[in-house]
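Reader: Please take one part of this model and go through it closely. I want the cut-offs stated along the way.

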Amino acid sequence: MVPFKSLIQFDKASSTPVFIQLSNQLGHLIRQGTLAPGQRLPGTRQLADLLELNRQTIVAAYEEGLAQGWLESRSGSGTYVATHFPEIKPQGLAGATDDSSATNSVSAGSRPGNEQPGYAFESVDFLVRPVLTNQAGLRLDDGFPDIRLAPMEELSRAYRSYFRWGNPQQHFGYSDTKGHPLLREQLSAYLNETRGLQTTPENVLITRGSIMGLHLASQVLLRPGDVVAVGETTWSGATMNFKKTGATVLTVPVDQYGLDVDTLETICRTRQIRMVFVTPHHHYPTTVTLRADRRIKLLQLAEAYRFAILEDDYDYDFHYLSRPILPLASADRRGMVVYVGSLTKSVAPAFRVGYVVAPKVLIDELARHRRIIDRQGDPMLEFAIGQLFKTGDMKRHFRKTLRAYHARRDYFCDLLANALPDVVQFNKPDGGLAVWASFDPAIDMESLTEQAAQDGLYLSNGLFHNPLGQRLNSTRLGFASSSEAELERSVAVLKKVVHA
């Protein structure tokens with residue numbers, strides 16, 4: 001006789017009904033071989049007495065087992081373990097000294113399969129990178145926006161209008177993989193107006209942030225063995241996508257004027273380049289702006305050597321000079337540039353809205369690839385953002401945040417220069433949401449950030465920005481997400497731990 005009373009235990013505090021708990025545990029006993037195929041189970045009354053349960057609970061558990069296929073019913077004979085299961089050798093209960101310890105074997109938290117799968121798969125080392133999150137308290141982050149400035153009330157109104165507008169069948173059914181037509185229309189017009197692009201909605205694909213756009217472009221344009229040129233310091237989120245396709249990533253120096261296109265030209269003479277990844281406004285992580293003459297030459301090289309330019313323009317809206325240099329895409333007349341951007345820095349990272357701008361034929365192909373991993377985006381969010389563009393609320397938000405971040409940049413740079421003049425070197429960035437700061441070589445960045453965290457200040461140690469074999473001792477210090485008072489306290493903590 002199987003010791004059901006010892007093998008089966010119930011959690012009365014669980015939200016899972018008792019009959020489901022019982023059915024699940026019977027299934028577990030069958031899978032581990034304790035209950036053999038074709039074995040007769042106790043009658044419902046007998047098992048109810050053994051487990052001190054209501055008979056209807058046993059009936060419901062058996063019915064659930066029948067529905068799941070673990071059990072089978074034989075008319076006039078009773079309930080049996082299904083015979084179509086192979087004979088399973090019973091597993092010993094490791095460490096068990098009596099029947100009461102057997103209940104541990106059905107505890108979900110103790111199952112080995114919860115930690116490691118029973119099959120092999122390849123773990124890719126270069127995909128391991130720190131997860132950037134909005135830290136509570138004082139922070140000099142990677143360059144995040146101040147969520148407190150986001151147009152939440154306007155966005156809320158736009159969301160509500162979605163429920164009042166149009167055909168509900170259309171609104172809450174499947175939508176266009178390329179994105180909500182309102183947002184594509186409004187975004188196309190906005191990019192044409194502010195960035196000098198010449199697009200129609202057919203040139204725009206809405207994505208869940210810029211990282212999806214980079215991923216899709218990598219999947220469509222790259223094949224194993226292709227060569228992608230990137231800055232010697234660059235965004236690891238991009239290089240991970242390039243490497244995952246099997247492409248070879250080749251680094252090109254970056255100086256105070258951006259990507260060194262003369263070196264790129266020398267490389268092009270000896271190697272076939274498939275793609276160049278660049279962030280002209282403003283280079284990540286160093287924040288430098290790609291000089292105008294280099295932009296022209298990069299486009300000329302792309303046309304001459306037939307490589308694609310993947311332009312990541314993640315923070316164009318936050319440029320603090322009177323007339324920012326237009327994107328590469330604005331001067332592209334041969335369809336060489338795939339232009340990727342995002343609204344997560346403009347509104348809030350939680351609102352996953354990015355976009356890809358490219359020739360229509362490529363947008364169509366990107367949409368086909370997008371469909372196999374994400375049938376569509378978030379139509380309600382996309383509609384709401386489109387409404388904010390249509391009403392002018394988004395433009396007003398950009399102007400407000402541009403003024404706020406401009407003032408914070410100036411205030412933060414003055415604080416940093418006055419507090420740590422001999423320890424931290426930096427150039428005031430033309431735009432963006434962070435300062436690229438290089439610390440005295442004698443400072444251990446890991447130790448510095450750990451001590452700062454103990455005093456309530458978060459900042460990155462910057463180690464993942466280091467090119468192979470180099471120690472930059474630099475990191476990004478984001479100023480946009482903090483008020484001036486918070487920036488003042490943050491620099492005070494930084495000064496304290498530097499001189500500790």
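Author: **Helix H15 and its surroundings**

In helix H15 (residues 445-454), the buried residues are Met445, Leu448, Thr449 and Ala452. Buried means under 20% relative accessible area, exposed over 50%, and partly exposed in between, with a 1.4 Å probe and protein chains only. These buried residues span an arc of only 90 degrees around the axis, so they sit on the same side of H15. The arc is taken from the directions from the helix axis to the C-beta atoms. An α-helix has 3.6 residues a turn, so residues three or four places apart point the same way. On the other side of H15, Glu450 and Gln454 are exposed.

A word on the basis. This is a predicted model: local features need pLDDT of at least 70, side-chain atom pairs count only at pLDDT 80 or more, and totals for chains, interfaces and linings use all residues. Residues are numbered from 1 along each chain as its sequence is written, and side-chain values use heavy atoms, with hydrogens and water left out. Helices (H or I, at least four residues) and strands (E, at least two) are DSSP runs, numbered from the N terminus.

Now the two ends. At the start of H15, a side-chain oxygen of Asp444 comes to within 3.2 Å of the backbone nitrogen of Glu446. Just after H15, Gly456 has a positive phi of about 90 degrees.

Next, the packing. The buried residues of H15 pack against E14, strand E15 (457-459), E16 and helix H16 (484-498). Contact here means heavy atoms within 4.5 Å.

Two of those partners share a sheet. It is open, has three strands in the order E13-E14-E16, and its pairing is antiparallel. Strand E13 (424-425) and strand E16 (474-478) are at the edges with a single partner strand each, so one side of each has no neighbour in the sheet. Two strands pair if DSSP finds at least two bridges between them. Strand E14 (residues 434-439) and E16 pair over five bridges, in the antiparallel sense. Ser438 lies opposite Ser474 in E16. Ala437 has Thr475 in E16 as its bridge partner.

E16 itself is mostly covered, with five of its five residues buried. In a regular strand the side chains alternate between the two faces of the sheet. Ser474, Arg476 and Gly478 are buried on one side of E16, and Thr475 and Leu477 are buried on the other.

Technical notes
A polar contact is a pair of N or O atoms within 3.5 Å; within protein, one must be able to donate a hydrogen and the other to accept it, and residues adjacent in sequence count only if both atoms are side-chain atoms.
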